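Here's a short set of exercises to work through with the model open beside you. Try each one before you read its solution.

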Number of protein chains: 2
Amino acid sequence: MKRSFIREILESIDESTISFAGGLPNENLFPTKDLKKAANKVLDESKVFQYGLSNGIKSLREKIALEYTKEGFETSSDEILITTGSQQAMYIIAKYFESKDITIEEPSYLGAMNIFRLNHLNMNPIKLEYDGVVIDEFEKSFKANKLAYLIPDFQNPYTSTYSDEKREQIANLIKKYNGILIEDSPYTQLYFDKKTKSISSQIPNNSFHLGSFSKTLSPSLRIGWIRASKKLLDSLMIIKESIDLHSCGISQYILNEYLNDEIRYKNHLQTIRDDYKNKALFFCEMLDKYLPNFIYEKPKGGMFIYGRFENIDTFNLVQKCIKEKVVFVPGNQFYIDKKPNGEIRFNFTHSSFKEIEKGIKLIKNCI
Amino acid sequence: MKRSFIREILESIDESTISFAGGLPNENLFPTKDLKKAANKVLDESKVFQYGLSNGIKSLREKIALEYTKEGFETSSDEILITTGSQQAMYIIAKYFESKDITIEEPSYLGAMNIFRLNHLNMNPIKLEYDGVVIDEFEKSFKANKLAYLIPDFQNPYTSTYSDEKREQIANLIKKYNGILIEDSPYTQLYFDKKTKSISSQIPNNSFHLGSFSKTLSPSLRIGWIRASKKLLDSLMIIKESIDLHSCGISQYILNEYLNDEIRYKNHLQTIRDDYKNKALFFCEMLDKYLPNFIYEKPKGGMFIYGRFENIDTFNLVQKCIKEKVVFVPGNQFYIDKKPNGEIRFNFTHSSFKEIEKGIKLIKNCI
């Protein structure tokens, strides 16, 4: 099995290459001062440096639970499991469902597909449209395997956001067949105008809802979580423990302290949303100007733009582009069979406005 | 599969119970001030908060590699993989060897046994003596499965430390059959008088050598590592990436900064060794005084004392003891079949001198 194309690219290119490839947040927006202040407040206590609970420190779980409850999705701290990024959340759940069949969107998140392969899950892909999966196809698949992995908000890579209708239809199907939904939601807070409502909130006992602080605060903290019924979470504990005993305590305490100032965090989130929205709009403008044959839908949030050329093999194109010092992820990477196609995923959050224009021009010259 | 007895106990007892059960370091010795100082030095830079390399930050890998090289075990930074505690190191390697047969010591580390079970490895246990496994039995097993998991330094739980002769014999057998040794070494730095030499240094291309900062600096950092040939490490990368992309960056940068002052770290290690040696001696004194029928060997380092009663079922005993507010781990937990026996593992690092005496008296009263 091969490593992720994206991770390999990220580790091989140098700083002179403009990268639309990764999913890096804009590092100029990290609240470094406030996180440092939080660190200074907590790093005196010896308990911060000792072994901790496998499911994470209680006050942090309480804060995360409260956010759900405030939005009408009642949740207690026992229904939260802190994980080492939502990547680990995915891994733990996949390990739990080892060797099972699973319904996924196509295209889908590379990292999740690698996790499923590693844990011998048999993936059944369902065509994704910009407003969610095709429902009939979903039902046919889910009826058989009773397990689905979806990214309903600003999907990676496809940028699709499920319509309210499709959310309800999916929730009803999951109830009908009494199956399980793994709802991956790392981008939910990165909406441009309107917050979406999770599918899990309609099926609290039949879902794992995954969240992360990687896109909103700092990926380096490696703090994500799973929201699920206590019964479902309990069945994951032996795996969580075996993988790393518990997630980094230093990170958890710093984060917990930072989150004590709710208004500051809310303002910070708004700053990111405004910045990313501006970046996305500018990226679209540049695409329309320099690559008018690129067909795509404007994203409503998240970190990516996804679209396609009619007659270009983008896996070939990216090899040329890398030599010209610009890189993106060719869409075939997000499919199970990896057959060449004309699709591309662009990340718009990490590059400056200047780099965006320059990078898109460089791609134009490679076509 | 059940969760770890130790983790469950740690999470269920209250603060009024004297615990000889866990493997908690003495938290009074955490260098909180120096770690906080290190945090203050690094938490201004935005790169500290961004995604990082899957194998860990380079300067930290270089420092760990240098320590090996200084001791005559030549190692480069490419031969180090940073993991989320050495627990994760074990998990990654076990996942890589999924469903294989493996030679292990008996008794052995509970966490590792759980990891092996979870990854469907078939464990073949070899009787452990205080100077290492019985060599003939080891050869018979290793010849067949070519994969072994050993804790040669101050073993958990047995406290055994391999003699130089046995280390050489094991290394020769691993070469002879061209197999792989997983050498787990979290306690190596906690020697009382004499540092041991790893088996891996004699077979650098046939071994994974696992280390950790959890016992020497702080478990909350969740930073451990694997030392192996680049070829072996490369084969683990897809698993490491899938599990958590990379280990906590904040921890790595703080740790890396802390380690810049080599002399301070060396002094800190000596402080721990002195403290633990005193604690161990006192614990042995109290055992001899109050529980003269407890047969054990004085440890030469590490965090535990291991021994046995002739005619007591210690799994029954611990249930009584928990009610009297003292707890230890009954030895049967460290065996594959968990048949009741008279063995006990005591942790001596976390309790105060007063608690040690009080706790042992409480146990005496339960017998």
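**Exercise 1.** How many bridges join strand S6 of chain B to strand S7 of chain B, and do the two run parallel or antiparallel?

Solution. First, the ground rules: this is a predicted model, where local features need pLDDT of at least 70 and side-chain atom pairs count only at pLDDT 80 or more, while totals for chains, interfaces and linings use all residues. Residues are numbered from 1 along each chain as its sequence is written, with chains lettered from A and ligands numbered from 1 in the order in which they are written.

Step 1: find S6(B) at residues 147-150 and S7(B) at residues 180-184. Helices (H or I, at least four residues) and strands (E, at least two) are DSSP runs, numbered from the N terminus.

Step 2: count the links. Four bridges join the two strands, which run parallel. One to look up is Leu150(B), whose bridge partner in S7(B) is Glu183(B).

**Exercise 2.** Place these strands in their sheet, and find the edges.

Solution. Step 1: read off the order, S2-S9-S8-S7-S6-S3-S4-S5 in chain B, an open sheet of eight strands with mixed pairing. Two strands pair if DSSP finds at least two bridges between them.

Step 2: go to the ends. S2 (80-83) and S5 (132-133) of chain B each have a single partner strand, so one side of each has no neighbour in the sheet.

Step 3: add a helix. H4(B) lies across S2, S7, S8 (207-212) and S9 (224-227) of chain B, at about 160 degrees to S8(B). Axes here are lines fitted to C-alpha atoms, for helices over the stretch in contact, and angles run from 0 to 180 degrees between N-to-C directions.

**Exercise 3.** Do the same for the four-stranded open sheet of chain A.

Solution. Step 1: the order is S10-S11-S14-S13, with antiparallel pairing.

Step 2: S10 (295-296) and S13 (329-330) of chain A are the edge strands, each pairing on one side only.

Step 3: two bridges join S10(A) to S11(A), and Tyr296(A) has Gly307(A) as its bridge partner in S11(A).

**Exercise 4.** Describe how H12 and H13 of chain B pack.

Solution. Step 1: H12 (residues 314-323) and H13 (residues 353-366) meet at an angle of about 120 degrees, with their axes 9 Å apart.

Step 2: pick out the contact residues (C-beta atoms, placed from the backbone, within 7 Å). H12(B) brings Leu317(B), Lys320(B) and Cys321(B), and H13(B) brings Leu362(B), Ile363(B) and Cys366(B).

Step 3: sort them by class. That gives five nonpolar, no polar and one charged, where Ala, Val, Leu, Ile, Met, Phe, Trp, Tyr, Cys and Pro count as nonpolar, Asp, Glu, Lys and Arg as charged, and the others, Gly among them, as polar.

**Exercise 5.** Work out how chain B relates to chain A, and what makes up the contact.

Solution. Step 1: superpose the copies, by least squares on the C-alpha atoms of residues with pLDDT of at least 70 in both. A rotation of 180 degrees with 0.0 Å of shift along its axis puts chain B on chain A (RMSD 0.0 Å). The two copies are thus related as by a two-fold rotation axis.

Step 2: locate the axis. Cys248(B) comes closest to it among the residues of chain B, at 3.3 Å (C-alpha).

Step 3: turn to the contact, where 50 residues of chain B meet 51 residues of chain A. H9(B) supplies the largest share of chain B's side, seven residues. By class, that side has 22 nonpolar, 19 polar and nine charged residues.

Key: Two residues are in contact if their C-beta atoms, placed from the backbone, lie within 7 Å.
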